[in-house]
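Please look through the structure below together with its sequence. The paragraphs that follow lead from a single residue to the whole chain and back to particular residues.

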Amino acid sequence: MIIVLAKAIPKDEDAKAKVIDFAQDLIKNSKAEEGNVDYNLFENTGDGSLMFVEQWESKEILGKHLQTEHFINFGGNIDGLLAGDLEINVFDADATDL
């Protein structure tokens with residue numbers, strides 16, 4: 001299983017509201033993709049940053065997700081709303097199987 005943590009820091013409260021709004025379509029469509037285990041968005045209660053937490057069955061399926069229309073559209077929609085680039089970390093849970 002692949003786990004993705006993608007942290008977004010919106011420029012301000014208005015930008016955060018827009019990112020959350022745009023994320024609704026991304027989350028809904030991503031959860032419907034074959035090979036998606038889970039896909040959610042959380043807000044840090046301390047600093048207001050946003051964290052996408054995704055689970056995928058494999059790296060190949062994640063790669064297909066990155067090419068979907070809803071993923072590409074989300075990237076375009078949030079352009080200019082963040083204080084910097086998304087901080088993305090990808091973890092392979094299968095690598096830790098003992």
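A residue is called buried when its relative accessible area is under 20%, and exposed when that value is over 50%. The model considered here is a predicted one. In it, Lys-16 has a relative accessible area of 8%, so Lys-16 counts as buried. This lysine belongs to helix H1, which covers residues 13–31. Which residues does Lys-16 touch, once its neighbours within four places in sequence are left aside? Its contacts are then Pro-10, Glu-43, Gly-48 and Leu-50.

The protein as a whole may now be described. It contains three helices and four strands. Read from the N terminus, these elements follow the order β-α-β-β-α-α-β. The radius of gyration is 14 Å, close to the 13 Å that the globule rule gives for 98 residues, and the protein is therefore as compact as a globular protein of that length. The C-alpha trace extends over about 45 × 30 × 20 Å along its principal axes.

Several totals complete this general view. Of the 98 residues, 33% count as buried. The exposed surface of the protein amounts to about 6,200 Å², of which carbon and sulfur atoms supply 51%. If one takes the contacts between residues at least 6 apart in sequence, 68% of them join residues at least 24 apart. The protein carries 8 positive and 20 negative charges, and the mean positions of these two groups lie 3 Å apart.

Attention may next turn to the aromatic side chains. How many aromatic pairs does a search of the whole structure find? The search yields three. In one of them, the ring centres of Tyr-39 and Phe-52 are 6.4 Å apart and the ring planes stand at 70°; because planes over 60 degrees apart count as edge-to-face, this pair is edge-to-face. Tyr-39 is part of strand E2 (residues 36–43) and Phe-52 is part of strand E3 (residues 50–56), so the pair ties together parts that are 13 residues apart in sequence. Both Tyr-39 and Phe-52 are buried.

Tyr-39 also forms an edge-to-face pair with Trp-56, with 6.1 Å from centre to centre and 85° between the planes. This pair, too, links distant parts of the chain, since Tyr-39 lies in strand E2 and Trp-56 in strand E3, 17 residues apart. Are these two partners buried or exposed? Tyr-39 has a relative accessibility of 1% and therefore counts as buried. Trp-56, at 0%, is likewise buried. Together, Tyr-39, Phe-52, Trp-56 and Phe-74 make up one aromatic cluster.

Strand E2 also holds Leu-41. Apart from neighbours within four places in sequence, Leu-41 is in contact with Ile-20, Ala-23, Ile-27, Leu-50, Met-51 and Phe-52. Between Leu-41 and Ala-6, which are 35 residues apart in sequence, the C-alpha to C-alpha distance is 9.3 Å. Leu-41 and Ala-95 are 54 residues apart along the chain, and their C-alpha atoms are separated by 25 Å.

Ala-95 itself is found in the segment after strand E4 (87–92). Its relative accessibility is 62%, and Ala-95 therefore counts as exposed, whereas Lys-16, with which this account began, is buried.

Definitions and conventions. Residues are numbered from 1 along each chain as its sequence is written. This is a predicted model: local features need pLDDT of at least 70, side-chain atom pairs count only at pLDDT 80 or more; totals for chains, interfaces and linings use all residues. Side-chain values use heavy atoms; hydrogens and water are left out. Helices (H or I, at least four residues) and strands (E, at least two) are DSSP runs, numbered from the N terminus. The radius of gyration is taken over C-alpha atoms; the globule rule is 2.2 Å times the number of residues to the power 0.38. Buried means under 20% relative accessible area, exposed over 50%, partly exposed in between (1.4 Å probe, protein chains only). Contact means heavy atoms within 4.5 Å. Accessible areas come from the Shrake-Rupley method with a 1.4 Å probe; for residues, only the protein chains shown count as cover. Lys and Arg count as positive and Asp and Glu as negative; His and the chain ends are not counted. The place of a charge is taken as NZ of Lys, CZ of Arg, CG of Asp or CD of Glu. Rings of Phe, Tyr and Trp (its six-membered ring) pair if their centres lie within 6.5 Å; planes under 30 degrees apart count as stacked, over 60 as edge-to-face and the rest as tilted.
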